[in-house]
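Thanks, everyone, for making the time this morning. Please have a look at the model on the screen, and then I will go through a loop and a pocket.

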Amino acid sequence: MQMADTQLRMEAPPDQATRNARVLGVWLLALIAMVFVMIILGGLTRLTGSGLSMVDWRPITGWLPPLNEAEWGAVFDLYKQIPQYQEVNADMTVEGFKSIFWLEYVHRLWGRLLGFAFLLPFLFFVFRRVITARMAPWLILMFVLGGAQGVLGWFMVKSGFSVRTDVSQYRLVAHLLAAMVIYAYMLWVALSLMRGAGRWRADPGQAGLTWFTVAVAAWIVLTMTSGGFVAGLDAGLAYNTFPTMDGQLVPDGLFLKSPAWVNLFENITLVQFNHRLLAEAAIILMAIAWIWGRRRLPAGRARLVFNLFGLMGLAQFALGIATLLLVVPVPLASAHQGGAFVLVALAIWAVHALGSIEAS
């Protein structure tokens, strides 16, 4: 009789709170996919030099592109006033301008659509009382962060309108890190909601592996940050050999600038050298996490995630080398940036899978 009661409880359908949490989790996963597309589009605008083609920002009214030749001419005339046109693209025609304009336009349009894809379902879920008082602050914070990211993106773009022919690498990295924070935060909340309506709790029996995986995730983010400076300085166009840098394991000219710390962010040689070292250390750390997970975890979700994490680490490392050796072709460079975010997602999922969801 007791066994029958236990079986009935195990087979009982989830309660309404759990069903609501899973609905919200699916919605957030769809939004995360849109954020990932936004990140890819942002990387492509950087790689193709398209990001400065729109020199005004009208977040409310700027939905429509130029609709006739007169409007195209007016927008092109605005672009002609910035250094990128004057020093790099002075021979560009309006047709050439359109080719860079459309990518930036789609990038901004996608951001607006992402805002509506969040706001409209959020209001619907509030009306239907799917969102609890505890969940509401998590979701509102996501919307606030998304809006702040839009403002930060414009702050980044503005850095290329006066003196520079591209955007500031510092602002570029800030924009990249903000995207990573939003992406990681949304994913953590979505994973929690998909597993129920409670709170995530660490498994005391896996504390060592959990904290090590958190540390590996932090190291990956640090490596991504250094990659942002590589992108911001076009440092991948130099030293296109591996494992040496033009025949040297430690190249000359690492500290040419003064003060010394500036070299970390503005010296192409040191910026690329640091990214290489961080990436090489990252692949070692990921291998340790994968081996540890394989040995400690039984068959199931957590072990599967660690396997995916290890495989993606190898793929990302190979993508980085190929991108460097082939002198940063746009498709490979875009895949490498996307791979970094996939790797962060798998690291977060691995940590999450090591814990459990408890009712609260």
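Where is P243 found? This is a predicted model, and in it P243 sits in the loop that runs between α8, residues 207–232, and α9, residues 263–266. The peptide bond joining F242 to P243 is cis, with an omega of about 10 degrees. The loop between α8 and α9 also holds P259, and the bond leading into P259 from S258 is again a cis peptide, its omega being near 0 degrees.

Let me stay with that loop for the backbone angles. Y239, which lies between α8 and α9 as well, has a positive phi of about 55 degrees even though it is not a glycine. D246 is another residue of this loop, and its phi, near 55 degrees, is likewise positive in a residue other than glycine. Is D246 buried or exposed? Its relative accessible area is 52%, and because exposed means over 50%, D246 counts as exposed.

Now to the pocket. The second largest pocket in the model has a volume of about 260 Å³, and 19 residues line it, with M54, D56, R58, L64 and V75 lying nearest its centre. Among the elements that contribute, α3, residues 69–79, and α5, residues 94–127, each supply at least two residues of that lining. As for its chemical character, the lining of this second largest pocket comprises twelve nonpolar residues, five charged ones and two polar ones.

Methods. Residues are numbered from 1 along each chain as its sequence is written. This is a predicted model: local features need pLDDT of at least 70, side-chain atom pairs count only at pLDDT 80 or more; totals for chains, interfaces and linings use all residues. Side-chain values use heavy atoms; hydrogens and water are left out. Helices (H or I, at least four residues) and strands (E, at least two) are DSSP runs, numbered from the N terminus. Buried means under 20% relative accessible area, exposed over 50%, partly exposed in between (1.4 Å probe, protein chains only). On a 1 Å grid over the protein atoms alone, a cavity is a set of points where a 1.4 Å probe fits but cannot get out, and a pocket is an open set with protein on both sides within 12 Å along at least five of seven lines; lining residues have an atom within 4 Å of a point. Grid points are joined across faces, edges and corners, and a volume is the space filled by probe spheres set on the points. Ala, Val, Leu, Ile, Met, Phe, Trp, Tyr, Cys and Pro count as nonpolar, Asp, Glu, Lys and Arg as charged, and the others, Gly among them, as polar.
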